[in-house]
Amino acid sequence: MDQQDSILKGKYPAKAHCAKVASYLQTKSANAAGKAVIYLEGQKTILIEDNDEPRPFRQRRPFFYLSGCSLPDCHLVYEFSSSTLTLFIPDLDPDSVIWSGLPLMPAEALRIYDIDNCLPNSNLAAHLSSLAQKDSDIRFYLKDIPRDALLSIAETTVSTDAKLLHPAIDECRVTKDAYEVALIRQANTISTAAHTAVLRALPTARNEQDLEAVFTASCISHGAKHQAYHGIFGSGENAATLHYQHNNQPLSSRANILVDAGAEWNCYCSDVTRTMPLRSGGTFDPATRAIYTLVLRMQSAALALLKAGVHWETLHLRAHEVAVQGLLDLGILRHGTVEQLMRERISVAFFPHGLGHHLGMDTHDTGGNPDYGDRDALFRFLRIRGPVAEGAVVTVEPGVYFCRFILEPFLRDGIKGRFIDEGVLEGFWGVGGVRIEDDVLVTKDGYENLTTAPKGIEEMERIIAGGSLDGEDRG
């Protein structure tokens with residue numbers, strides 16, 4: 001058993017997360033001493049409108065962070081003074097058993113989850129009331145408390161705070177422990193298999209949806225029934241739309257396809273983007289190869305600067321500088337130096353989004369302190385601002401795009417337009433866009449790349465031609 005498997009054989013560290021949040025609250029509030037309690041409600045079962053079927057279930061991420069429980073209709077209570085975590089689960093409903101079988105029972109919950117007690121939901125109000133009556137100085141940190149439980153607390157003189165808990169959880173989620181990193185790594189392992197399956201399916205695929213089906217089927221076959229987000233399978237000029245969603249266009253006469261898709265594993269995400277060749281023979285056409293090589297250089301340059309404490313803007317700026325030099329070398333940009341073109345923000349026309357974002361239970365995870373009101377177009381859409389924390393997992397995803405909607409205003413601009421050679425640009429519209437995205441763990445002195453999906457040109461072309469993934473034994 002390797003270290004990854006050994007970590008995941010253990011329980012999700014819910015109590016450690018509760019203690020982390022409690023410690024954070026104590027730094028923010030004089031009232032968050034040992035006499036405090038955290039209460040959270042999980043996601044409820046919600047029926048589809050005008051239907052008796054439930055909506056697809058997705059656990060509230062703050063609740064999962066403090067419980068490790070992905071069941072609907074649950075609650076949790078964490079007591080600071082005793083570090084006691086109690087999970088409340090739905091009462092046994094005999095009628096429901098007929099249709100759905102026996103639900104999780106308290107004894108099984110104690111075995112599975114990192115909790116101290118497990119009680120039925122019918123005990124929740126009495127439990128909260130008991131805690132409130134035990135000590136009038138107790139403080140409840142809560143969100144969305146059920147009415148009967150709220151009434152039981154309201155009858156006492158204890159204080160409640162509905163504002164601090166979620167920001168505290170959001171802040172604590174930024175840095176990951178070993179278990180969380182293992183979950184993200186597992187999600188990436190499954191995504192690597194799915195991206196590789198897509199590469200192997202390219203010679204026979206006829207439509208974007210064929211490749212989306214291959215990716216999803218591969219994930220499910222490896223035990224990941226949920227996608228981290230709606231995948232992007234954009235071929236040709238469709239790849240110029242950053243979050244393209246249709247995934248239903250024919251692949252014929254298109255040079256490449258951008259695949260931005262990732263599996264979810266036990267509520268933790270992967271987020272992986274690769275751009276793959278579509279032309280006969282499974283090789284990149286010259287224009288796409290040139291842009292792909294440039295984007296690889298952009299990513300490598302940004303990663304070379306990544307370590308704990310570095311300002312994210314520094315990495316983003318470096319990726320843009322490499323993009324400008326590369327576009328100058330290709331003749332798409334002209335009449336200026338890198339410094340001059342950076343001052344004019346010309347690269348924003350080709351690389352309009354931020355370099356990446358935090359990753360965890362959400363694809364665009366908590367933290368980052370974005371400033372979408374920034375008037376500087378180069379930094380406006382950054383999802384991370386300021387220094388990056390050790391232990392954070394971030395995506396590094398530079399791209400170069402040829403989007404008519406974005407580029408045409410630049411071309412019409414009397415000042416900015418002279419820096420772009422329309423004649424050379426004409427040969428790149430069909431590329432659409434190239435993005436390369438990896439998920440990386442920030443360390444004290446650098447980073448660890450958690451993504452192993454093929455991204456080298458030669459390796460991808462070899463796999464498309466029927467070869468093996470580097471290091472793979474296909475029997």
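**Figure 1. Two asparagines with positive phi in this predicted model.** N266 is partly exposed, with a relative accessible area of 36%. N266 is found in the loop between strand 10 (263-265) and strand 11 (268-269). Although N266 is not a glycine, its phi is positive, at about 50°. A further example is N369, a residue other than glycine whose phi is positive and near 50°. N369 belongs to the loop between helix 13 and strand 13, and at 61% relative accessibility it counts as exposed. As background, most residues other than glycine have a negative phi.

**Figure 2. The largest nonpolar core and a second core apart from it.** The largest nonpolar core comprises 76 residues. Within this core, the residues with the most contacts are L306, W312, F350 and F402. Helix 11 (residues 286-305) is the element that gives the most to the core, contributing nine residues. Leaving aside residues up to four places away in sequence, L306 touches W312, L315, V394, V396, V440, V442, G446 and Y447. Another core, of 44 residues, lies apart from the largest one. Its members include L40, I89, Y113 and C267.

**Figure 3. Aromatic pairs, with F284–Y292 and F350–F402 as examples.** Nine aromatic pairs are found in a search of the whole structure. In one of them, the ring centres of F284 and Y292 are 5.2 Å apart and the planes stand at 40°, so the pair is tilted. Both F284 and Y292 are buried. In the pair formed by F350 and F402, the ring centres are 6.0 Å apart and the planes stand at 75°, so the arrangement is edge-to-face. F350 lies in the loop between helix 13 (338-343) and strand 13 (393-396), and F402 in the loop between strand 14 (399-401) and helix 14 (404-412), so this pair ties together parts that are 52 residues apart in sequence. F350 has a relative accessible area of 1%; because the limit for a buried residue is under 20%, F350 is buried. F402 is likewise buried, with a relative accessible area of 2%.

**Figure 4. An aromatic cluster and a charge over a ring.** One aromatic cluster is formed by Y12, F64, Y179 and Y268. Elsewhere, R404 places its charged end over the ring of W429, at 4.2 Å from the ring centre.

**Figure 5. Helix 9 and its start.** Helix 9 (residues 178-201) consists of 24 residues. From its first C-alpha to its last, helix 9 reaches 35 Å, close to the 34 Å expected at 1.5 Å a residue. Helix 9 is mostly covered, with 18 of its 24 residues buried. At its start, a side-chain oxygen of D177 reaches to within 3.2 Å of the backbone nitrogen of Y179. Y179 is also one of the residues in the aromatic cluster with Y12, F64 and Y268.

**Figure 6. The surroundings of T275 in strand 12.** T275 lies in strand 12 (residues 273-277) and is buried, with a relative accessible area of 0%. A polar atom of the T275 side chain lies 3.1 Å from the backbone oxygen of R435. Not counting residues up to four places away in sequence, T275 touches N256, I257, L258, F284, Y292, G433, V434, R435 and M460. Two of these neighbours, F284 and Y292, form the tilted ring pair described above.

**Figure 7. The surroundings of Q299 in helix 11.** Q299 is located in helix 11, the element that gives the most residues to the largest nonpolar core. Q299 is buried, with a relative accessible area of 1%. The backbone oxygen of V396 is 3.1 Å from a polar atom of the Q299 side chain. With residues up to four places away in sequence left out, the contacts of Q299 are V396, P398, I436, E437, D438 and K455. V396 is also among the residues touched by L306.

**Figure 8. The surroundings of E321 in helix 12.** E321 lies in helix 12 (residues 312-330). E321 counts as partly exposed, at 27% relative accessibility. Not counting residues up to four places away in sequence, E321 touches V338 and M342. The C-alpha atoms of E321 and A301 are separated by 9.6 Å, and these two residues are 20 residues apart along the chain.

How values were computed. Residues numbered from 1 in each chain as written. Predicted model: local features only at pLDDT ≥ 70, side-chain atom pairs only at ≥ 80, totals over all residues. Heavy atoms only, no water. Core = buried A, V, L, I, M, F, W, Y, C linked by side-chain atoms within 4.5 Å. Buried < 20%, exposed > 50% of the residue type's maximum accessible area, 1.4 Å probe, protein only. Helix = DSSP H or I, 4+ residues; strand = E, 2+ residues; numbered from the N terminus. Contact = heavy atoms within 4.5 Å. Phe/Tyr/Trp six-rings, centres within 6.5 Å; stacked < 30°, edge-to-face > 60°. Lys NZ or Arg CZ within 6 Å of the ring centre and 35° of its normal. Expected span 1.5 Å × (residues − 1). Polar contact = N/O pair within 3.5 Å; in protein donor to acceptor, adjacent residues only side chain to side chain.
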